[in-house]
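Trainee: Could you take me slowly through one part of this structure? I would like to look at the long helix and its surroundings, and then see how the rest of the chain compares in its details.

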Amino acid sequence: MHVLFEEEGAFRAATILTDNDSSLQVETASGKRSKIKAASVLLRYGDPAPAVLLEQAESLLPGIEADFLWECVADGEFHFADVANEYFGHAATAAEAAALLLALHAAPIYFHRKGRGRFRKAPPEILQAALAGLERKRQQALTIERMVAQLTSFTLPAEFPPLLAQLLYKPDRSRAESKALEAACSETGLSATHLLYRCGAIRSPYDYHLQRFLLEQFPRGTAFPAVELPSLPAGLPHAGVPAFSIDDATTTEIDDAFSVQSLPGVGWRVGIHIAAPGLGIAPGSALDGIARARLSTVYMPGSKLTMLPDAVVEHYTLASGRAIPAVSLYLTVTPEMEIIGDESRLEIVPVVANLRHHDIEPLFNERTLAAGLADFPFRDELLTLWQLANACEGRRGKPSATPDNKDFNFRIEGDLADAEGCRVEISARRRGSPLDKLVAELMIVANSTWGALLASRGVAAIYRVQGGGKVRMSTAPQAHEGLGVKQYAWLSSPLRRYVDLLNQWQLLACLQSATPPFAARSDALFAALRDFELTYAAYAEFQRGMERYWCLRWLRQQGIERIAATIGRENLARLDDLPLVQRVPSAPELKPGQRILLQVESVDYLTLGLVCRYVETLSSSTEDEVVVTLPEAVD
């Protein structure tokens, strides 16, 4: 005698060696002997041999149609052997019974298993729903097949345009479109981004990077809601000093300005004037909600997304020719450039000039200072502030900037809507120029002085803290070792950073003897700190990414094939005259600071990838000779 039994989800046939009440010793056609439970036996039969049974059953299986079998079976639970007799119209052979078992097992939507060898046919409504689901899957499979064919021929399927943002940045792998894209990527060997770009789904690499950032940080769009402009405060005293600002040409959010008055017999009265949007934007107001949501202005080459609406910025920016509310810090300075007193005031400040770097720097720099300054507007004021800045830097014992570092300015010519047609110009200026130092030192004085005032009054604020080489935000007035000050609260850019605006509200309350809007340990204060840190870091990362994009564009635009670089740690090299750091695995072990020549192998605007190959180490004699090599075809 032989048995048909189920083991580990599979059907097997074997010959009985020993038959006990609860178990059997059996031998399969392969000669393997095993012990099985009697409950596992589905069918006992004489013929055919175990090696033949399942083969015969498999051959009969195609003739058994699941839908017809479902029609033949009555309602209620049944055993497959009983139905086999009815289905075949005679006492079913072992092979026929096994074939019917396999047919029932292979049609789970038609027949539900109720135990070993026992089934129950699915109710009509459940069967119809299951069949509809199968049809949907079949149609989806056909749709996926069509979309894959289109994608591999670099044609964008009609289903893709409404889902491009999701497919590019947050793919849902359960969607048919995502499955088709994944399959097409596997066939073509391209990433999803590169494949969609080949299909014309991405307007430009620039737009790809921008839209990803906007989706992450501005999912509701970048437009500002309609808001009512706050009225300028009345009753503030007017400062009797002409103030002037120092900024680059593209700055519209002018937060700070300066003034210098001579004090006969004493020295000077130096004014540091900070725009005061906190006097009109109330905590909890609609404008506060806008600033709280954005937390900072977003900068990128050729464009920016301001923290506040343009009309509000225009309302409070320290623009030339206007008298603007400001928080002023007046320093009493001796001829030896010692600060012997300070006073903070809320007032209306007349701004008489907005000095721009490109206009003033040719007249006011290390060379002209050494040779003697020519006559130009605000020469004497700038010279006094420069001398004060040097004295402040000396007292701190820390440089305000590393002289070897450079600041890079990007000028984009053309419409960014057609970024591929734009031309980029990148210019470098050494960090720590007299104008840079002048502004940086006075901002350090203002932020550290006001930070000390808030701490002394017990008014909560958000501080910039540095210790052990790590910079972080804190609500405690701790030292900033990198700047050499006991505390440093950001207060100098309230039009551009939410932390500065929040701190300004606290400072205004302190100066007006009012209750500060944020208590020392309030949840709102800690939430603002946490959110600002995360958002500010994300904005900075985006800015670096867009600067890298335009650097890569510049390399190709200029037709550069070879470029010199300075090696750093771990085979990182900083390319000449660009804010671009690139790993060069092919470079030999070199000391940081050594100069090398690189071959530009490939550029990928979508991944911001750059591949450079080491060519040679530059000696001191060739260092100034080989900086950039252009191909002959490029003018």
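Mentor: Let's warm up with one side chain: cysteine 72 has a relative accessibility of 40%, so it counts as partly exposed, as this falls between the 20% limit for buried and the 50% limit for exposed. Keep in mind that this is a predicted model. Cysteine 510, by contrast, has 9% relative accessibility and therefore counts as buried. The number of disulfides found comes to 0.

Now to the long helix. Helix H17 runs over residues 523-557, which makes 35 residues. From its first C-alpha to its last it reaches 50 Å, close to the 51 Å expected at 1.5 Å a residue. Just after H17 comes glycine 559, with a positive phi of about 70 degrees.

On the other side of H17, look at the loop between helix H16 (498-511) and H17, where you will find phenylalanine 518. With 10% relative accessibility, phenylalanine 518 counts as buried, because the limit for that word is 20%. What does phenylalanine 518 touch, not counting residues up to four places away in sequence? The list is Ala460, Leu502, Trp505, Gln506, Ala524 and Leu525. To get a feeling for the distances in this model, try glycine 76: phenylalanine 518 and glycine 76 are 72 Å apart, C-alpha to C-alpha, and 442 residues apart in sequence.

H17 also takes part in an aromatic pair, and the whole structure has 21 of these. In the pair to look at here, the ring centres of tyrosine 206 and tryptophan 550 are 5.7 Å apart and the planes make an angle of 55 degrees, so the pair is tilted: the angle is neither under 30 degrees, as in a stacked pair, nor over 60, as in an edge-to-face pair. This pair links distant parts of the chain, since tyrosine 206 is in helix H9 (residues 205-217) and tryptophan 550 is in H17, 344 residues apart. Are these two residues buried or exposed? Both tyrosine 206 and tryptophan 550 are buried.

Elsewhere, ring pairs join Phe78, Tyr110, Phe111 and Phe119 into a cluster. Rings can have charged partners too. Arginine 269 places its charged end over the ring of tyrosine 330, 3.7 Å from the ring's centre. The face of tryptophan 490 has arginine 497 lying over it, at 3.8 Å from the ring centre.

Next, the inside. The largest nonpolar core holds 48 residues, and those that touch the most other members are Phe258, Ile272, Leu382 and Leu438. The most residues in this core, 10, come from helix H15 (residues 434-456). A second, separate core has 44 residues, among them Tyr206, Leu575, Leu598 and Val600. Tyr206 is the tyrosine we met as the ring partner of tryptophan 550.

Stay with leucine 382 for a moment. Beyond the residues up to four places away in sequence, leucine 382 touches Phe244, Ile246, Leu355, Ile360, Phe364, Phe376, Leu435 and Leu438. One of these, leucine 435, is in helix H15. Its relative accessibility is 1%, so leucine 435 counts as buried. Leaving aside neighbours within four places in sequence, leucine 435 is in contact with Ile246, His357, Ile360, Glu361, Phe364 and Leu382. As for glutamate 361, the C-alpha atoms of leucine 435 and glutamate 361 are 7.2 Å apart, with their places 74 residues apart in sequence.

Let's finish with the backbone. Glutamate 570 is not a glycine, yet it has a positive phi of about 55 degrees. You will find glutamate 570 in the loop between strand S20 (562-567) and strand S21 (572-575). At 63% relative accessibility, glutamate 570 counts as exposed, because the limit for that word is 50%. Aspartate 577 also has a positive phi, about 60 degrees, although it is not a glycine. Aspartate 577 sits in the loop between S21 and strand S22 (581-583), and with 42% relative accessibility it counts as partly exposed. Last, the peptide bond from aspartate 47 to proline 48 is cis, with omega near 0 degrees. Proline 48 belongs to the loop between strand S5 (41-45) and helix H1 (50-60).

Terms used:
Residues numbered from 1 in each chain as written. Predicted model: local features only at pLDDT ≥ 70, side-chain atom pairs only at ≥ 80, totals over all residues. Heavy atoms only, no water. Helix = DSSP H or I, 4+ residues; strand = E, 2+ residues; numbered from the N terminus. Expected span 1.5 Å × (residues − 1). Phe/Tyr/Trp six-rings, centres within 6.5 Å; stacked < 30°, edge-to-face > 60°. Buried < 20%, exposed > 50% of the residue type's maximum accessible area, 1.4 Å probe, protein only. Lys NZ or Arg CZ within 6 Å of the ring centre and 35° of its normal. Core = buried A, V, L, I, M, F, W, Y, C linked by side-chain atoms within 4.5 Å. Contact = heavy atoms within 4.5 Å. Disulfide = S-S within 2.5 Å.
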